[in-house]
Amino acid sequence: MIARAFKYTRASSVEEALRLLREEGDVKLIAGGQSLLPLMKLRLAMPQRIVDIGRLAALRGVRREGERIVVGALTTHAAVAQNPLLREVVPLLSQAAGEIGDMQVRNRGTIGGSLVHGDGAADLAAAVLALDATLEVTTADGSSSRPAAGFFLGPMLTALPQGAVLTAVSFPEPPDGARQVYRKVAHPASGYAVVGVAALLAMGPDGTVRHARVAVTGAGQAPFRASAAEATLLGRKPTPDLVAEAASHAGDGVEFAGDLYASAEYRRRLTEVHVRRAITDLV
Amino acid sequence: MPLIGVPHKRVEDPRLITGRGRYTDDVRLPGMLHAAILRSPRAHARIEAIDVAAARSAAGVVAVYTGRDIAGKVGPIPTAWLPPDSDIKATAHPALATDTVRYAGDGVALVVAESAAAARDALDLIRVSYEPLPAVVEQADAMREGAPLVHADAPGNIAFHWKAGQVSDAVFSGAEVVVRHTFRQQRLIPNPMEPRAAVAQYDRATGDLTLWATSQNPHIHRVLLSGVLGIPEHRLRVVSVDVGGGFGAKIACYPDEALTAFAAMSLGRPVKWTETRTEHFLATTHGRDMVIDVELAGRREGTLEAIRVRNIANMGAYLSTAAPGVPTILFGLIVTGAYTFEHAAVDVYGIFTNTTPTDAYRGAGRPEATYLVERMVDLFAREIGMDPIEVRRKNLVRPEAFPYPSALGLSYDSGNYQRALEQALATVDYLGLRREQAALRGHGRYIGIGCSSYVEISGLGPSEVAGAVGFQGGLWESANIRVHPSGKVTVFTGGSPHGQGEETTFAQIVADRFGIPIADVEVVHGDTARIAMGWGTYGSRTTAVGGSAIAVAADRVIDKGRKIAAHMLEAAEDDVEFAQGTYQVRGAPERSETFQAVTLQAYLAWNLPEGLEPSLEAAAYYNPSNFTFPFGTHVAVVEVDPETGDVKLLRYVAVDDCGTVINPMIAEGQVHGGIVQGIGQALWEGAIYSAEGQLLTGSLLDYPMPKARFFPTFETAFTETPAPHNPLGAKGIGETGTIAATPAIINAVVDALQPFGVGDLAMPLWPERVLQAIEAGRDGR
Ligand SMILES: Cc1cc2nc3c(=O)[nH]c(=O)nc-3n(C[C@H](O)[C@H](O)[C@H](O)COP(=O)(O)OP(=O)(O)OC[C@H]3O[C@@H](n4cnc5c(N)ncnc54)[C@H](O)[C@@H]3O)c2cc1C
């Protein structure tokens with residue numbers, strides 16, 4: 001497996017990376033290389049030039065900024081899995097990162113690369129949806145914030161503009177008393193999610209659901225929020241019957257994906273079962 | 001100190017785990033070129049034209065060859081197992097396709113370039129125009145009237161038809177109980193960690209060709225390739241020192257290694273070829289792929305009487321080197337398993353299809369046979385309403401019946417099948433589990449217990465039998481033991497271990513016999529220039545046959561040493577005993593000489609007995625008188641999630657008997673690896689082709705190789721019933737796990753799903769398939 005010959009530039013700043021993206025047509029950024037390099041080796045991607053942003057220290061690390069937790073785009077899956085602040089505040093993110101691939105992949109792959117790559121089964125995609133994350137994006141025209149909701153459009157398709165760099169992902173503090181979980185059914189060959197469910201639930205003092213987020217990866221054409229399931233739970237007591245009812249709506253309006261291992265119908269079924277089990281774990 | 005039975009750490013490991021192994025791809029020679037092979041993307045097509053002009057003129061490209069360019073220079077790839085009376089059609093297998101491609105992966109052109117990257121780039125520049133032909137993938141379709149022919153000279157796509165044993169229809173028409181079933185042995189893709197590779201270096205001055213290759217049997221490769229390349233056998237050296245797993249896929253003689261050698265000879269520079277993982281999926285032999293109809297006759301009280309088997313085996317596009325022996329001899333002769341069937345008959349068709357050729361894959365025929373008999377025993381038990389364990393207890397060959405003549409003409413050497421069965425059942429607490437199972441069902445939880453009491457044919461084998469069954473070679477093994485003047489020892493074996501640890505076990509055998517430290521013994525294998533002859537490693541033969549050769553040679557060394565010691569001690573030879581590294585006059589411990597002192601004298605030759613030649617070395621060529629028959633019982637405990645169809649492994653107990661165990665740690669390692677592969681077939685692995693012959697599971701993203709985290713801790717144990725006919729008492733342990741595990745798992749899952757009326761499940765048990773069976777059962781109620 002040998003990639004087509006390419007030129008390589010190590011960017012020394014985000015600005016330089018943006019300039020190179022603008023100047024040449026067939027340029028790809030590379031962060032951890034865990035998605036891009038396999039594609040290049042299979043010659044499914046054959047960029048003329050790759051621009052390595054992997055050493056830009058400004059894009060790495062986890063910090064608190066006011067009410068938000070900011071995770072640099074270059075933060076590796078391993079770092080996300082182990083970071084004490086993330087484990088405390090957004091444990092489902094750490095849990096999802098810890099379920100990615102193997103140790104080598106987690107040590108090199110980055111949160112930014114995973115989200116931008118846009119694999120319909122990316123674990124972190126479900127996590128950022130359930131956590132109401134915001135993606136910090138810089139283009140030649142300046143910086144902007146984009147909600148995770150609406151970012152994942154289809155298989156390998158995201159709302160990131162052409163020639164943009166994702167610099168960070170930021171998370172609001174979850175509501176008080178929120179509990180969170182990530183459940184993954186891994187494909188036995190690839191290890192990617194056949195279905196991955198990220199769920200976050202917060203109860204009011206009266207025992208009704210005050211805040212509910214359920215996001216699913218692997219099952220549809222793109223990672224999605226199970227909005228109908230969330231709506232079913234809101235304002236009501238999460239009895240086993242209600243949880244089951246909510247779960248039964250997890251796939252409402254979703255076009256499920258099918259492959260050799262699991263048909264679309266089976267993924268719908270798995271989604272329902274694992275959404276139910278995830279919520280049950282939280283109540 | 002005795003060293004047999006000691007769990008000595010593997011002496012090869014420090015080298016291998018610190019990256020200092022010498023694998024074929026590690027060979028780098030000055031001026032070395034790199035080869036890449038263009039493979040057909042189509043399963044069946046006529047080649048209309050190949051345009052290599054652009055590739056030839058690309059930067060860094062040294063040569064491009066098509067099938068026409070090598071015609072007359074690289075001969076057809078041979079088939080070396082030709083079962084007699086089977087009307088076998090070993091149709092020509094050209095090293096590069098010239099007119100027709102017969103499977104997706106068939107080689108079409110060879111590029112040789114200054115770098116691997118340049119060779120790879122040049123593949124994209126070759127234009128081949130194909131006229132598509134209809135492809136046939138499934139063996140049943142290939143046998144249909146009017147099916148496309150893979151080879152014009154194999155009508156009906158029948159490669160061979162082989163039979164063994166006879167059962168009259170009266171046995172079945174008169175039987176109290178007859179159970180019939182069809183099993184599908186799905187196609188598996190071996191995937192050793194190290195892909196295939198070859199490096200060839202040709203010396204134009206001497207005409208010597210050295211070929212480093214990933215081989216389980218370098219001497220077989222030497223003789224076959226000498227024919228393919230037209231190079232005298234004594235001019236060809238094959239080296240396969242460190243090989244990263246084979247599982248049968250590195251037995252065969254492939255086109256690619258021959259092409260690499262041809263390029264080195266033509267260009268006068270060393271050439272390396274290493275397959276990519278993608279190529280491995282397409283162009284290295286696959287395993288299994290059989291459709292098997294079985295009829296079993298028995299009595300209501302549980303006695304098994306007769307078994308009749310028809311196997312339609314998918315051979316792929318060409319008959320690979322050992323392929324015809326797999327669904328015939330290695331499968332057919334053991335379908336009666338560990339049971340006292342009075343009658344048995346087997347009828348096997350080998351069928352050509354437009355798929356990657358199949359050949360031996362860990363177990364090779366024996367897993368398929370064991371699967372059917374172990375599944376049939378469970379189906380029969382259910383039919384007569386008896387516990388499947390009771391059926392096994394009733395029908396297993398009894399300890400006093402050995403040597404046991406099987407209905408298909410084998411002589412099972414030794415065994416105590418009941419002991420292994422009972423030990424496994426006691427370990428899992430079978431009755432306790434049954435109670436737990438009943439209780440859990442009340443709570444909507446479904447656990448299942450599956451058993452497999454196998455016997456296998458290993459220690460291949462008596463050379464006379466090899467000849468009688470059409471194997472184009474011998475199956476004895478060579479050993480040469482050279483004791484150096486200082487008493488250190490080099491052992492040359494014709495076995496070709498590639499991960500099994502014989503550098504350790506063989507050193508243990510010799511160190512044990514000589515009474516010297518293991519560190520004083522070096523084991524040399526895998527080089528035809530250092531080892532005169534050998535038949536290699538497969539069929540769980542290396543310790544039973546190659547190890548026995550070493551034991552015989554070691555005893556010859558000791559006997560010669562005794563003559564010298566007696567002379568030195570001025571005693572009669574008969575009065576000199578050898579134990580723990582010391583020759584000693586019986587009853588006079590003060591009159592002794594060490595092994596080292598005697599060895600030194602053998603070389604100094606200052607004072608040898610009259611007529612005795614100097615030096616201390618011995619050779620042995622050990623031809624076994626029988627196969628060996630390892631056996632045992634494996635028990636799997638699983639839980640099935642009735643909502644998702646997921647199968648969870650709760651416990652796995654293996655009690656194996658491979659005769660005398662030389663190194664229990666290594667033997668256990670073999671059992672672990674075997675179980676993993678056996679469970680891999682049951683739960684995850686399976687090649688899938690499209691109707692057009694495209695391999696849809698052509699990468700590790702789609703084809704689920706088992707991973708360590710999928711498994712619970714295995715509970716393994718050995719019983720030891722020595723093989724009575726070889727000097728070590730050793731049988732074989734390389735394949736038992738693979739053979740036993742697959743049916744144990746399926747039996748367990750089917751057992752778990754009994755409340756849903758599930759009688760059988762097609763492998764692999766991907767959860768959706770299991771769920772469908774559960775739902776069908778729910779609907780049926
Ligand atoms: C063996 C293996 C197993 C895996 N298993 C899983 C799994 O179980 N679950 C899972 O979710 N993923 C899995 N992955 C994918 C893994 O998570 C990748 O790390 C991740 O998808 C990409 O991150 P990266 O930093 O390596 O990105 P790269 O490969 O470097 O880049 C990926 C893409 O994103 C772009 N990009 C990267 N960073 C930025 C940025 N900051 N701004 C703009 N564009 C950017 C690149 O141009 C490229 O197009 C696996 C990968 C491998 C090799």
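Tutor: A polar contact is a pair of N or O atoms within 3.5 Å. Keep that cut-off in mind for this predicted model.

Student: What makes A:Lys184 a polar contact of the ligand?

Tutor: A polar side-chain atom of A:Lys184 lies 3.1 Å from an oxygen atom of the ligand. The cut-off is 3.5 Å, so the pair counts as a polar contact.

Student: Which backbone atoms lie at such distances from a ligand oxygen?

Tutor: A polar backbone atom of A:Ala31 is 2.7 Å from an oxygen atom of the ligand. For a backbone N or O atom of A:Ser114, the value is 3.3 Å. Both values are within 3.5 Å, so both pairs qualify.

Student: How much of the ligand does the protein cover?

Tutor: On its own, the ligand has 970 Å² of accessible area, and the protein covers 90% of that.

Student: Why is the ligand said to lie between two domains?

Tutor: Domain 1 (7–52) and domain 2 (179–282) of chain A both give residues to the shell, so the ligand lies between them.

Student: Which element gives the most to that shell?

Tutor: That is α7(A), with four residues. The shell divides into 15 nonpolar, 12 polar and three charged residues.

Student: Now chain B. Why is B:Leu209 called buried?

Tutor: Buried means under 20% relative accessible area. B:Leu209 has 0%, so B:Leu209 is buried.

Student: Where does B:Leu209 sit, and what does B:Leu209 touch?

Tutor: B:Leu209 is in strand β10 (residues 208–213) of chain B. Its contacts include B:Tyr202, B:Leu229, B:Ile231 and B:Met265.

How values were computed
Residues numbered from 1 in each chain as written. Chains lettered and ligands numbered in written order. Predicted model: local features only at pLDDT ≥ 70, side-chain atom pairs only at ≥ 80, totals over all residues. Heavy atoms only, no water. Helix = DSSP H or I, 4+ residues; strand = E, 2+ residues; numbered from the N terminus. Buried < 20%, exposed > 50% of the residue type's maximum accessible area, 1.4 Å probe, protein only. Contact = heavy atoms within 4.5 Å. Polar contact = N/O pair within 3.5 Å; in protein donor to acceptor, adjacent residues only side chain to side chain. Areas by Shrake-Rupley, 256 points an atom, 1.4 Å probe, with all protein chains shown as cover. Nonpolar A, V, L, I, M, F, W, Y, C, P; charged D, E, K, R; others polar. Domains from an automatic or database assignment. Lists of a residue's contacts leave out its neighbours within four places in sequence.
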